[in-house]
Amino acid sequence: MPAQTVRVTLRCNHGCVFCFAEWCLPQRRRDVHDYTNVIGDDWRSELDEVRAAGYDELSISGGEPLLHPELVPMVRHAKALGFSRIEVQTNASLMTTRNVARLRAAGMTASMASLPSHVPRAFDAITRTKGHFQASVDGIRNLLRARVEVILCHVICAGNYRLLPDYVRFADETLHGINEILFFYVQPEGRAARNPRLFPRLTSLRPRWLSAMSEADRLGLYFRTDTQTGLPLCYMTGHEDRLKLIDLLDPRAVFGTDVSSFEYMQGNKRKAPACGTCFFDPVCFGFWKTYLEAHGDGELRPVPEDARLRALFPAVVERHARRGTGHGEGA
Ligand code: SF4
């Protein structure tokens, strides 16, 4: 059964330059099933509703959820409802030993912890804070010590992309025990929508990204890129096995009844004419329209079909077969 994200506050003690949370304003909430916007004060009945809708896993997001005064009772309530996995998405700076212990006891099983840079000065610039870097690193270590499943979240932006391979080495050396690094690319919403300079050019990013992926493989560090808000699929060269295409192939299996955010995001992407020759064309939505409008679509690189990709992605092969031509209309 799918997982659901609930956004419990927009307050945050960091001010990340790429934060899109303000996009999830309460007034954007179209109906009771659009949980990724702020769920309001009546969180008990909202969580009841999510569970009753059949979701097994819950992600509590923000803003910074630790600023919500009732986060611990919220997690406890989620546990009582029987969610099998309860994740808290956080910048980790408030994950003190005490807070981790309280959340762990209440039922938190996992945490997606954001660390936008391993360089304190860059961290300060991206998060618009002073001196929080060590608190975030310590918070992630506290989670690991408490045996919480940690997904390290890294949003690739202009302020950090040049040091991607170093970031991977830092994660391996300093945050030993993380389950995975999940890479995102800046999403053109919220603050980022007002700052086009935050978006690194794909061609400049490519060599660093390929090197970071190879470094992670060398170190045995599992990583993924988010297929909704990560890099285009054609930027996974040689590492396509890290793509979980289920989001794109069957969004309802992942997001359940609420696919509003998925549809909104994919609706803000487009492909290039050349995409028609790409192996991933039947499932791919392309890349952000705002980026392609600014820089053109020449950086999207059709992926040639081969035996390895056919074996990895039989569902894509099946979609090609259904079309009859191997190429055509796109996702
Ligand atoms: S369809 Fe286009 S955007 Fe998608 S992976 Fe292929 S070349 Fe890249």
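# Group meeting: two domains, one ligand shell, a few odd backbone angles

Let me start with a single residue. Ala92 is buried, because 29 other C-beta atoms lie within 10 Å. Ala92 sits in the loop between strand S3 (85-90) and helix H3 (97-106). Its phi is positive, about 70 degrees, and Ala92 is not a glycine. For context, most residues other than glycine have a negative phi, and most peptide bonds are trans. Before I go on, please keep in mind that this is a predicted model.

There are other backbone cases of this kind. Arg147 is one of them: its phi is near 60 degrees, again positive in a residue other than glycine. Arg147 lies in the loop between H5 and strand S5 (149-156). Is Arg147 buried or exposed? Arg147 counts as exposed, because it has 10 C-beta neighbours inside 10 Å. So Ala92 is buried, whereas Arg147 is exposed. Then there is the peptide bond from Gly62 to Gly63, which is cis, with omega near 20 degrees. Gly63 is placed in the loop between strand S2 (57-61) and helix H2 (71-81).

One more positive phi brings us to a helix. Arg128 comes just after H4 and has a positive phi of about 55 degrees. H4 itself covers residues 120-127, and its buried residues are Phe123, Ile126 and Thr127. Why do these line one face of the helix? Viewed down the axis of H4, the buried residues fall within an arc of 85 degrees, so they share one face. The general background is that an α-helix has 3.6 residues a turn, so residues three or four places apart point the same way. As for what lies over the buried residues of H4, the cover includes helix H5 (133-145).

Next, the overall layout. The protein is divided into domain 1 (3-257) and domain 2 (268-331). The centres of the two domains, taken over C-alpha atoms, are 27 Å apart. The contact between them takes 14 residues from domain 1 and 20 residues from domain 2. On the side of domain 1 that touches domain 2, the elements giving two or more residues are H8 and helix H9 (246-249). By class, that side of domain 1 has 10 nonpolar, 1 polar and 3 charged residues.

Now the core. How many residues does the largest nonpolar core have? The number is 82, and the residues with the most contacts inside this core are Phe18, Leu58, Ala113, Ile140, Leu152, Ile181 and Phe280. Helix H8 (residues 202-219) gives the most to this core, namely 6 residues. The core also draws at least three residues from each of domain 1 and domain 2. H8 therefore appears twice in this talk, as the helix that gives the most to the core and as an element on the side of domain 1 that touches domain 2.

Take Ile181 from that list. Setting aside neighbours within four places in sequence, Ile181 is in contact with Leu152, His154, Val168, Ala171, Ala216, Leu221 and Phe223. Ile151, in strand S5, is partly exposed, because it has 18 C-beta neighbours inside 10 Å. With the same exclusion of neighbours within four places, Ile151 is in contact with Met112, Asn179, Glu180 and Leu182.

Val186 is in the loop between strand S6 (180-185) and helix H7 (190-193). Val186 is buried, because 25 other C-beta atoms lie within 10 Å. Not counting residues up to four places away in sequence, Val186 touches Phe18, Val155, Cys157, Ala192, Leu198 and Phe199. Val186 and Ala307 are 121 residues apart in sequence and 32 Å apart in space, C-alpha to C-alpha.

For an exposed position, look at Ala311 in helix H13 (residues 307-312). Ala311 is exposed, because 9 other C-beta atoms lie within 10 Å. Ala311 and Arg194 are 117 residues apart in sequence, and their C-alpha atoms are 42 Å apart.

Last, the ligand. Which of the 16 residues around the ligand come nearest? They are Leu233, Cys234, Cys275, Cys278 and Cys284. By class, the shell has 12 nonpolar, 1 polar and 3 charged residues. The shell draws at least three residues from each of domain 1 and domain 2, and the largest nonpolar core does so too.

Note on methods: Residues numbered from 1 in each chain as written. Predicted model: local features only at pLDDT ≥ 70, side-chain atom pairs only at ≥ 80, totals over all residues. Near = placed C-beta within 6 Å. Nonpolar A, V, L, I, M, F, W, Y, C, P; charged D, E, K, R; others polar. Domains from an automatic or database assignment. Core = buried A, V, L, I, M, F, W, Y, C linked by C-beta atoms within 7 Å. Buried ≥ 20, exposed ≤ 12 C-beta atoms within 10 Å, placed from the backbone. Helix = DSSP H or I, 4+ residues; strand = E, 2+ residues; numbered from the N terminus. Contact = placed C-beta atoms within 7 Å. Arc of directions from axis to C-beta.
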